[in-house]
Amino acid sequence: MSSTAYGFIMSDFLTSYKDFATEITDAPIEFHDYVGLATIGIALGNKVYFPFGDTDIYPNFWLLLLAPSSSFRKSTALNISKRILYQLDSGRIYPSEFSHEKIIDTISKQPAGSFYFSEFLSLMGLLSRDYMAGSKALLTDLYDSGYSYRRETLKGQIEIKKPAISIMSASTMDWFLQKTKEDDLRGGFIPRFLIVTAGTKTKDMPLPPKADKDKRKALVDILRQYQTLSGAFYLSKEAKQIHSHWYHKTIISSGAGRYDSLIQRMQVYIIKIAMVLEVNNSQTLKISKQTMLQATAFTDFVINNFKDITANEMAFSKTEKQRQTVLKIVKFEKKISRAKLLQYSHLSSRELNQSIETLIEAEEIEIIRDKGDGNRLVTSYSSVNRS
């Protein structure tokens, strides 16, 4: 049993997985938590589901790890999961190079599995090739297709029954923030990803030790036990109440703006996460109060971290970029005079005034007035302490 940053205790596969992963890599703990969740979901496939209106939700995950650089071992974190699942069932790992027709054929034969792309750039590049036309739309459709998907090909009709397709990928923060456009956040592909960000590491490991094969085999055995479950999940009365409260607070009242598509998708991910957590906690299909509380913590962590990072780093318009420039300078300097802020930002006085006014209204920075020489008031700015 071990505590986590989310304020609760995890056991069974998730704890064992994190213990195993932290022994062999210095990737951020958050990555192991969410990769562990997704690994269980991929193993469960389409044998379990949650009835959701006129469709079924399977525990498949589109997971995207974001961190500043390669030193955060994003690919390593993904490969630990990939190797465990390969040992469990190699057919669950889809090829990372394919044509449009090949991907349809592969998924029709194995509708529950996962793609692993250590670089999100590689995935986006592959899907943008001419011979892959329609593949992004296909994957987007399959993510939500709870029953079956039919497609006419040159070889005839192909049917994909009960698709539970996962995508595991990673990217540097800079690439994602620079290349992602506003339309991407409002579109259908990227908002289906559970985006997990990490800005710090708790340790460095120059020479990771050899992985313990017995511990890996034990993890495979736990997943094999989980695979004996089948059927429909349902919520306990208390879990329904917690979910309803979370839904109205997070989905209905979020005021997400440009992040609306991402936030709306969280109402599906909280169910996926709850399904996986319940299997990990009790190996039953009844989602308990405690499990739903855990699921809300996992989901809120993703939402809040992504909002914080994109609010401070992602800009689409000229005025947004100017505001972020000002905010970065203020945060770096801790406290800075207006004269120096004007000098460092390279903005005009009018542009600086507009940025400052918006940041003050958003409670990102605050005005500080000190007495200078001759009791003259000197205006400075400081970032707002949110702790």
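Biologist: Why are α1 and α2 called oblique to each other?

Modeller: The axes of helix α1 (residues 12–24) and α2 come within 9 Å and cross at roughly 130°. Angles under 35 degrees count as roughly parallel, over 145 as roughly antiparallel, 65 to 115 as roughly perpendicular and the rest as oblique. The angle of roughly 130° belongs to the rest, and α1 and α2 are therefore oblique. This is a predicted model, in which local features need pLDDT of at least 70 and side-chain atom pairs count only at pLDDT 80 or more, while totals for chains, interfaces and linings use all residues. Residues are numbered from 1 along each chain as its sequence is written, and side-chain values use heavy atoms, with hydrogens and water left out.

Biologist: What makes α1 and α2 helices, and what are their axes?

Modeller: Helices (H or I, at least four residues) and strands (E, at least two) are DSSP runs, numbered from the N terminus. Axes are lines fitted to C-alpha atoms, for helices over the stretch in contact, and the angles run from 0 to 180 degrees between N-to-C directions.

Biologist: Which hand has the crossing of α1 and α2, and which residues make the contact?

Modeller: The crossing is right-handed; that is, the near helix is turned clockwise from the far one by less than a right angle, whereas an anticlockwise turn would be left-handed. Phe13, Leu14, Tyr17, Lys18, Ala21 and Thr22 of α1 meet Ile29, His32, Asp33, Val35, Gly36, Leu37, Thr39 and Ile40 of α2, where contact means heavy atoms within 4.5 Å. These residues comprise eight nonpolar, four polar and two charged. In this division, Ala, Val, Leu, Ile, Met, Phe, Trp, Tyr, Cys and Pro count as nonpolar, Asp, Glu, Lys and Arg as charged, and the others, Gly among them, as polar.

Biologist: What makes α2 and α3 roughly parallel to each other?

Modeller: The axes of helix α2 (residues 29–44) and helix α3 (residues 74–88) come within 10 Å and cross at roughly 25°. That angle falls under the limit for this class, so α2 and α3 are roughly parallel. Their crossing is right-handed. From α2, the contact involves Phe31, His32, Val35, Thr39, Ile42 and Ala43, and from α3, Lys74, Ala77, Leu78, Ser81, Leu85 and Leu88. By class, there are eight nonpolar, three polar and one charged residues.

Biologist: How do you know that α13 and α14 are oblique?

Modeller: Helix α13 (residues 318–333) and helix α14 (residues 338–345) have axes that come within 10 Å and cross at roughly 125°. This angle lies outside the parallel, antiparallel and perpendicular ranges; α13 and α14 are therefore oblique. The crossing of α13 and α14 is right-handed.

Biologist: Why is the pair of Phe61 and Tyr269 called tilted?

Modeller: A search of the whole structure finds 15 aromatic pairs. Rings of Phe, Tyr and Trp (its six-membered ring) pair if their centres lie within 6.5 Å; planes under 30 degrees apart count as stacked, over 60 as edge-to-face and the rest as tilted. The ring centres of Phe61 and Tyr269 are 5.8 Å apart and their planes stand at 40°, so the pair is tilted. Phe61 is in the loop between β4 (55–57) and β5 (62–67) and Tyr269 in helix α11 (residues 260–282), 208 residues apart. Both belong to one aromatic cluster, with Trp62, Phe120, Tyr143, Trp175, Phe189 and Phe193.

Biologist: Are Phe61 and Tyr269 buried or exposed?

Modeller: Buried means under 20% relative accessible area, exposed over 50%, and partly exposed in between (1.4 Å probe, protein chains only). Phe61 has 0% and is buried; Tyr269, at 0%, also counts as buried.

Biologist: What makes phi of Arg73 and His346 worth a remark?

Modeller: Most residues other than glycine have a negative phi. Arg73 is not a glycine, yet has a positive phi of about 55°. It is found in the loop between β5 and α3. Phi of His346 is near 60°, likewise positive, and this residue is in the loop between α14 and α15 (349–361).

Biologist: Why do Arg73 and His346 receive their accessibility classes?

Modeller: Arg73, at 29%, falls in the middle range and so counts as partly exposed. His346, at 71%, is over the upper limit and therefore counts as exposed.
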